[in-house]
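Hi everyone, thanks for making the time. I'd like to walk you through one structure this morning, so please bring it up on your screens and follow along.

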Amino acid sequence: MINIFRNIRKQLAHEKKFDKYFRYAFGEVVLIMLGIFMALQLQNWNENRKQEIQFKTTLEQLYNTITDDSWNFDNAAKNAQNSVNTIDLLLNYNDSIPAQSLPMDMWSIMLSRKNGNTSETLQILKNLNYNSENIEQTKLSNQLQSYATLINNKNADYFNVVNPKIDEFLLKNNIAFPKLDLGNQSLGFLYIGDSTYYDKEDILNSKNLLQDKTFRAHLKSKRTLLSYYKLDFQVLHNDALAMLKLIKNYYPGVKLLFQDVGIIGTSINGFDDVGAHSIPMTQTNEDESIWEIEMYLKEGRVKFRCRDSWALNWGGNTIPNGEAIFEGPDIHVNESGNYHIILNLTSNTYEFKKKNN
């Protein structure tokens, strides 16, 4: 092609048609510049396309970790409120609490702590490379950075209140820490604090301690601290939900990446304490993260979990349908039979459809 253009120029110059020669040469330069411009545009388009793919890949990872964050923050807020409620009962103790549960209730308020699970979001956010010339990417990245800043600030624990040493009072009064109930791993961990563990002397020591003014002052201080922590976790939970919405608006196709979801419980073959494993469910909708299974259930309890592990698990308070609560209680199956079970991890719901024979 270049040789053809060169020959045309030579012929025009030889025929002394200089006017046509210069016009042709100018046109040739324009064509070359246009070709270079188009090549650069194509290269830029290809680079932007690759950058957009990488940006969305990281966004999808963030969508999953922030979903975990939202569950953890919500769960922590609820646990803090439960501890506040327990402290209120202890401060106003008038035999409304079963006496044998007093030592356990007094220890239970020490199990709430401000910092929950470490968020993977902060690490993955470091890999979010956005195009500064892309206004939408820049806005979204700034919002995600503000979310990370909020997590760091809350973890700094700037509410400088001395954490009450309630455990020291309990041990000083010979009230032992409750023992683990290893047969109930479906709830992560449970403690035994009933009459089979605490004797009459332990219960009497607990009642006397509740009348101690210094101990009551520590209980009130702990209540204030837990109330503050609850508000912190609620703020984090709400901000996490806002980030999920922003990501979904930018990338409507984003989805949860859960794998190997299964169901386990005494309604099937038991929990881990008897060596049982999760029964795998089938993912019927990848975009919505919907999992289904048809199976026979006995009267008993079940839960959903990932990877045959309790790291990610969901329970609920109602049946045949209800909210899939992260690290929630066992779902009680009150009637045996064949069921079609549906778990939606996008809407956080489940349904147990009992089938006719």
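Let's begin with the aromatic residues: the count here comes to 15 aromatic pairs. Keep in mind as we go that this is a predicted model.

Take one of those pairs, Phe304 and Phe352. Their ring centres are 6.1 Å apart and the planes meet at 40 degrees, so we call the pair tilted. If you're wondering about those two values, a pair of aromatic rings is described by the distance of the centres and the angle of the planes. Now look at where the two residues come from. Phe304 is in strand S7 and Phe352 is in strand S13, with their positions 48 residues apart, so this pair links distant parts of the chain.

Are these two rings buried or exposed? Phe304 is buried, at 0% relative accessibility. Phe352 is buried as well, with a relative accessible area of 3%.

There's also an aromatic cluster to find on your screens. Its members are Trp71, Phe258, Trp314 and Phe326. And there's a charge sitting over a ring: the charged end of Arg305 is over Trp310, 4.5 Å from the centre of the ring.

Arg305 brings us nicely to salt bridges. How many salt bridges are there? The count comes to eight. Arg305 takes part in a network of them, together with Asp272 and Asp308.

Let me show you three individual pairs. We'll start in helix H2, which covers residues 18-91 and holds both Lys78 and Asp74. These two are four residues apart, about one turn of the helix. Their side chains form a salt bridge, and the closest N and O atoms are 3.2 Å apart. As for accessibility, Lys78 is partly exposed at 37%, and Asp74 is partly exposed too, at 24%.

Next, please find Arg301 and Asp330. They meet in a salt bridge with an N to O distance of 2.2 Å. This pair links distant parts of the chain: Arg301 is in strand S7, residues 300-306, while Asp330 is in the loop between S10 and S11, 29 residues apart. Here the two partners fall on either side of the cut-off, since buried means under 20% relative accessible area. Arg301 has 21% and counts as partly exposed, whereas Asp330 has 8% and counts as buried.

While we're at that loop, have a look at Gly328. It lies between strand S10, residues 325-326, and strand S11, residues 331-333. Gly328 counts as buried, at 4% relative accessibility. What about Asn75? That residue is 253 residues away from Gly328 along the chain, yet their C-alpha atoms are separated by 8.5 Å.

The third pair is Lys355 with Glu294, a salt bridge at 3.0 Å, N to O. Again, distant parts of the chain are linked, with the two positions 61 residues apart: Lys355 is in the segment after strand S13, and Glu294 is in strand S6, residues 290-297. Both are partly exposed, Lys355 at 35% and Glu294 at 49%.

So let's stay with S6 for the last part. Why do we say that S6 is largely enclosed by the rest of the structure? Because six of its eight residues are buried.

Which strands does S6 pair with? One of them is S5, residues 282-285, which runs antiparallel to S6 and is joined to it by three bridges. If you zoom in, you'll see that Gln283 has Trp291 as its bridge partner, and that Thr282 stands opposite Glu292. S5 and S6 make a hairpin, with four residues between them. In the turn, Ser289 has a positive phi of about 55 degrees.

S6 also pairs with S12, residues 337-344. These two strands run antiparallel as well, and eight bridges join them. One place to check this is Met295, whose bridge partner in S12 is Tyr339. And a general point to keep in mind when you turn the view around: in a regular strand the side chains alternate between the two faces of the sheet.

That's my tour, so over to you for questions.

Methods
Residues numbered from 1 in each chain as written. Predicted model: local features only at pLDDT ≥ 70, side-chain atom pairs only at ≥ 80, totals over all residues. Heavy atoms only, no water. Buried < 20%, exposed > 50% of the residue type's maximum accessible area, 1.4 Å probe, protein only. Salt bridge = Lys/Arg side-chain N within 4 Å of Asp/Glu carboxyl O. Phe/Tyr/Trp six-rings, centres within 6.5 Å; stacked < 30°, edge-to-face > 60°. Lys NZ or Arg CZ within 6 Å of the ring centre and 35° of its normal. Pairing = 2+ DSSP bridges.
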